[in-house]
Amino acid sequence: MSVVWQKTTHGVPRRQEKAQRLVAQLLLGVVITTSLLAAAYLALVASNVHTARQVWAMEHQIVNAQRDNEALKTDIARLSSIPVLQERSVALGYRPADAIDYINLGAP
Amino acid sequence: MLRGPDARLRLITVLLIAALLPILGQLVRLQVLEHSQYLSEAEDLVQRQYALPESPWGVIMDRNGDLLVGNVPVYDVGAEINMITDTHMAAATLAPLLNLPEAELVKMLTLPPNTQDLVWRPLTRHIPAASAQKLIDLNWPWITLAPAWERYYAEGALASHVLGFVNAEGMGYGVQAFQLRFLRGERIARVGSVSGDTSPMPDELMGGSLIPYPGTDLRLTIDRTIQAYIEGVLDQAIADYKATGGTILVMDPRTGNILAVASRPHYEPYRYPEYAQNGQDMLFRDPAISVPYEPGSVLKVVTVAAALDSGRVDVNWSYNDTGQLEYGGVLIRNSSGGAYGQQDLQGILDHSLNVGVATLSTRVMGADLFYKYIRAFGFGQVTGIEMTGEACGLVHLPTDWDWSDSNLATNPFGQGIAVTPLQMATAVCAIANDGVMMQPHIVAERRYPDGRLIPIPSNELGRPISAQAAQLVAEMMAHSVETIAKEAQVPGYRVAGKSGTAQIPTTGGYDPQQVIVSYVGFGPLPDPQIVILVKIDRPDVPLSMRWGTQIAAPVFQKVAARLFTLLGIPPSNLRAGP
């Protein structure tokens with residue numbers, strides 16, 4: 001089925017065009033499909049970008065956590081170092097053990 | 001004149017095409033003819049190397065897992081100085097935070113005249129995280145902070161020679177320099193398109209993770225408690241005897257594990273740039289492994305062990321000590337100057353007879369056999385310990401051009417031969433360990449970032465003497481302690497040992513005054529668990545006191561007594577059982 005019409009532009013009669021409805025539908029379908037694919041592609045790219053940013057931020061967080069972890073390790077080491085332990089032991093009233101006497105319990 | 005709409009349309013079409021042609025031409029020029037040039041310019045703008053901040057190096061722990069060397073997060077500070085509006089105000093604010101003089105900062109922050117380009121300048125390195133946070137709080141866009149690491153020595157200067165350091169060029173000393181390839185992490189850097197804040201574009205991140213690999217942790221054989229104790233004892237001994245330096249080394253003869261090693265002079269590893277700047281690089285050399293010395297009479301135990309193992313003598317062998325022996329053009333005398341008459345091997349060790357061991361080397365063994373044992377005990381070659389800068393000592397062999405017959409007469413009592421304290425202790429370990437000489441080692445385990453634990457096994461260096469010869473010499477050394485060198489006795493424990501008093505070689509002879517006194521011993525017998533070497537350099541005490549038995553033996557006794565307690569070794573009578 002076809003539609004035949006005639007229009008004029010600025011008084012100039014245009015030649016008659018015969019548009020096939022099926023072709024128009026096909027064209028419309030192609031346009032819609034392409035648009036959907038493009039939208040899906042854009043959504044995917046956007047999602048990838050977002051995920052990549054998240055990954056990058058998380059990798060930064062890992063590195064920062066690593067730095068915090070190392071700082072804590074050195075803090076613990078400082079607090080449990082021999083001079084600090086000696087100082088705290090003396091403050092608690094401990095004294096160096098000059099000698100240890102072993103007690104022979106003999107055979108059971 | 002244009003007639004009709006068709007003509008006008010054609011004219012418009014032509015004009016439009018004419019207008020499009022230059023645009024098309026430009027497109028062809030940009031996209032085709034000069035494509036590569038513009039592409040490279042565009043790449044220059046967006047292509048950068050990108051990476052995450054560097055991972056920490058591996059930490060170093062003692063044998064119980066206590067941290068000896070760790071990492072402190074710090075920051076390097078820079079400034080884009082063309083963005084600064086008020087240089088003097090900025091300098092005044094930054095000076096206390098960066099610990100820099102204000103005048104110096106003003107100079108650093110001032111833009112060079114006639115400069116239009118972006119100028120970035122480094123201001124200082126390694127500021128602590130707290131100071132970095134204060135800089136961030138200032139919210140100055142021209143300040144740049146780059147995360148970095150600084151090595152942290154948890155116990156200060158403890159075991160400084162063992163731990164060492166590594167400078168920016170990757171050169172250094174101690175375990176850290178030797179194990180650098182394990183300790184240093186691996187940074188992953190790529191080149192690609194970056195955004196305005198220099199982070200990689202999303203498609204770049206598809207290439208995989210950028211998280212850098214941290215370094216491998218090391219667990220040492222060192223025990224920090226023993227280390228701290230022997231360093232205290234060494235400092236006290238050096239002060240008491242007004243010595244210039246010294247070494248105390250504690251080894252497990254069964255495994256070769258070094259439990260502690262302290263040397264003076266030493267340094268604070270975290271201040272190494274200052275020492276280097278002041279020309280004090282010599283401090284970095286570890287006297288325990290890098291500075292050979294003539295060991296003196298301590299070497300007699302090796303000579304006696306060699307003679308016994310060779311089968312040329314047995315415990316019943318004796319000689320007539322006349323107090324002197326001439327060989328190779330030199331006259332050998334006993335250190336006391338006296339003659340001791342008929343003496344056996346026990347007498348040689350008890351009285352530390354130079355003539356006795358010279359008799360063994362020259363009359364009993366001969367050069368080939370004597371030096372075969374010297375080499376078998378590891379003298380003149382490195383032990384292979386996991387530290388940089390190990391010296392091999394100095395042993396003149398009969399095949400060397402500078403060897404003379406006199407070497408055969410003087411080497412048996414530790415003169416004319418130079419060894420490191422580590423070599424000497426390793427050789428005595430062989431005697432303590434039934435003739436099996438273990439390779440000294442200081443790295444017990446590697447801990448990889450993925451959780452793998454790789455223990456480093458003990459290696460056997462060789463069997464210079466038989467178990468029987470080793471046990472005989474150990475018994476003789478123990479007998480010497482029980483009867484003669486009572487300064488080395490440890491109440492409740494049976495120990496073996498030998499003292500040494502060595503002259504110090506100078507140009508054309510020996511220093512008439514200065515000596516190096518030493519004592520090497522092990523215990524508790526019959527199953528020795530530790531070997532202790534004590535060396536005190538140039539003690540400034542009356543001449544009558546400058547003997548190994550007077551100075552080094554009491555230090556050995558003190559260290560041995562405490563270590564038996566620290567290591568939980570019960571006294572000999574309890575160990576023997578009911």
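This is a short tutorial dialogue on reading a predicted model of two chains, A and B.

Q: What should I know about the numbering and the model before I start?
A: Residues count from 1 along each chain as its sequence is written, while chains are lettered from A and ligands numbered from 1 in the order in which they are written. The model is predicted, so local features need pLDDT of at least 70 and side-chain atom pairs count only at pLDDT 80 or more, whereas totals for chains, interfaces and linings use all residues.

Q: How many helices and strands are there in chain A?
A: Helices (H or I, at least four residues) and strands (E, at least two) are DSSP runs, numbered from the N terminus. Chain A has two helices and four strands, in the order β-β-β-β-α-α along the sequence.

Q: Which part of chain A gives the largest share of the side that touches chain B?
A: Two residues are in contact if their C-beta atoms, placed from the backbone, lie within 7 Å. Chain A puts in 27 residues and chain B 28. On the chain A side, helix H1 (residues 21-79) gives the largest share, 18 residues.

Q: At what angle do helices H16 and H17 of chain B pack?
A: Axes are lines fitted to C-alpha atoms, for helices over the stretch in contact, and angles run from 0 to 180 degrees between N-to-C directions. Under 35 degrees is roughly parallel, over 145 roughly antiparallel, 65 to 115 roughly perpendicular, and the rest oblique. H16(B) and H17(B) pack at about 105°, with axes 7 Å apart, so they are roughly perpendicular. Ala430(B), Ile431(B) and Ala432(B) of H16(B) meet Ala470(B), Val473(B) and Ala474(B) of H17(B).

Q: Which strands stand at the edges of the five-stranded sheet in chain B?
A: Two strands pair if DSSP finds at least two bridges between them. This open sheet runs S11-S10-S22-S21-S20, with antiparallel pairing. S11(B) and S20(B) are the edge strands, each with a single partner, so one side of each has no neighbour in the sheet. From one strand to the next, the twist averages 10°. Ten bridges join S20(B) to S21(B), and Gly497(B) sits opposite Gly521(B) in S21(B).

Q: And where is the turn between S13 and S14 of chain B special for its phi?
A: S13(B) and S14(B) pair antiparallel over four bridges. They make a hairpin with two residues between them, and Gly328(B) in the turn has a positive phi of about 60°. Leu325(B) stands opposite Ile332(B) in S14(B).
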